[in-house]
Amino acid sequence: MKIKKYLFPIITFFLSFGCALFVAIKVFPNNPFTGNKEEKTTVSKFKDGDLIFQTSESKQCETVRIATNSKFSHCGIIYDINGKWFVFEAVQPVKLTPLEDWIKHGKDSKYVVKRLKDESTLSLQVLQKMKDYSQQFDGKEYDAYFEWTDNRIYCSELIWKIYKNAAGIELSKLKELKDFNLQDPKVQKILKERYGNNIPLEEKVVAPSDLADSNLLKTVTDTY
């Protein structure tokens, strides 16, 4: 009889505790019972195929900012490689750089991440095709002359060609070198050093700013 006397209160207690725990998990998702949600949130701010932009501080990058009237002078594609984040970038040479290291290379470690507005476009199959296509550029020399060839390649050209040729997406219209601000003395000096008196004014060019301003992209992170 004593067992029956205490059985009902015990059952009631456990039912109440279970209901309270369920409510706590739903209403307060960051409690200890659900694990570290903050870590998942941090990781999820990046997605495979995102574009990332920064302000570099080299002499050439300053010239790029002046010529394109933009704060951005370098960019790359974020790739998830075996669960780790990398930036595929055209430096000397073209390579995969751990995302955290890439961010530190920029001025004040500031960066902007852009993503396709139509996120469904980059399916797993398309992303794999982009990564496969990217391999042909890995280890190639950086193109300081901004030629529209695959022999050497620069940062925004690398992104444009990967998206265009592997995903079928033209992020921006190509411009010609003459379309940029070439009158600034610092820009003139670099052009003279690179080309002498034969500046290829009609060379096809795409700048980091052209990609950043693409109407196909949205900003998902901005630390400036």
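A hairpin joins strand β3 to strand β4 through three residues. This feature belongs to a predicted model, and it offers a convenient point of entry into the sheet region. Strand β3 spans residues 84-90, while β4 covers residues 94-98. The two strands run antiparallel and are joined by five bridges. Within this pairing, glutamate 89 stands opposite lysine 95 in β4.

Strand β3 also has a partner in β2, which comprises residues 74-81. Here too the pairing is antiparallel, and it extends over five bridges. One of the facing pairs consists of tyrosine 79 and phenylalanine 86, the latter lying in β3. β2 and β3 form a hairpin of their own, with two residues between them. In that turn, asparagine 82 has a positive phi of about 55°. Strand β3, which pairs with β2 and with β4, is mostly covered: of its seven residues, five are buried.

The chain as a whole may now be considered. The protein chain contains eight helices and eight strands. It has 224 residues, of which 40% are buried. Among contacts with a separation of 6 or more, 69% are between residues 24 or more positions apart.

Two pairs of helices illustrate how such elements are packed. The first pair consists of α3 (residues 59-68) and α7 (residues 185-195), whose axes lie 9 Å apart at an angle of about 120°. Because angles from 65 to 115 degrees count as roughly perpendicular and those over 145 as roughly antiparallel, α3 and α7 are oblique to each other. The crossing of α3 past α7 is left-handed. On the side of α3, the contact is made by Lys59, Gln60, Glu62, Thr63, Ile66 and Ala67; α7 contributes Lys186, Val187, Lys189, Ile190, Glu193 and Arg194. By character, the residues of this contact comprise six charged, four nonpolar and two polar.

The second pair is formed by α5 (residues 124-134) and α6 (residues 155-167), which pack at an angle of about 125° with their axes 9 Å apart. The angle therefore makes α5 oblique to α6. The crossing of α5 and α6 is right-handed, whereas that of α3 and α7 is left-handed. Val126, Lys129, Met130, Tyr133 and Ser134 of α5 meet Lys161, Ile162, Tyr163, Asn165, Ala166 and Ala167 of α6. The residues of the contact between α5 and α6 divide into seven nonpolar, two polar and two charged.

Terms used: Residues are numbered from 1 along each chain as its sequence is written. This is a predicted model: local features need pLDDT of at least 70, side-chain atom pairs count only at pLDDT 80 or more; totals for chains, interfaces and linings use all residues. Side-chain values use heavy atoms; hydrogens and water are left out. Buried means under 20% relative accessible area, exposed over 50%, partly exposed in between (1.4 Å probe, protein chains only). Helices (H or I, at least four residues) and strands (E, at least two) are DSSP runs, numbered from the N terminus. Two strands pair if DSSP finds at least two bridges between them. Axes are lines fitted to C-alpha atoms, for helices over the stretch in contact, and angles run from 0 to 180 degrees between N-to-C directions. Angles under 35 degrees count as roughly parallel, over 145 as roughly antiparallel, 65 to 115 as roughly perpendicular and the rest as oblique. A crossing is left-handed if the near helix is turned anticlockwise from the far one by less than a right angle, and right-handed if clockwise. Contact means heavy atoms within 4.5 Å. Ala, Val, Leu, Ile, Met, Phe, Trp, Tyr, Cys and Pro count as nonpolar, Asp, Glu, Lys and Arg as charged, and the others, Gly among them, as polar.
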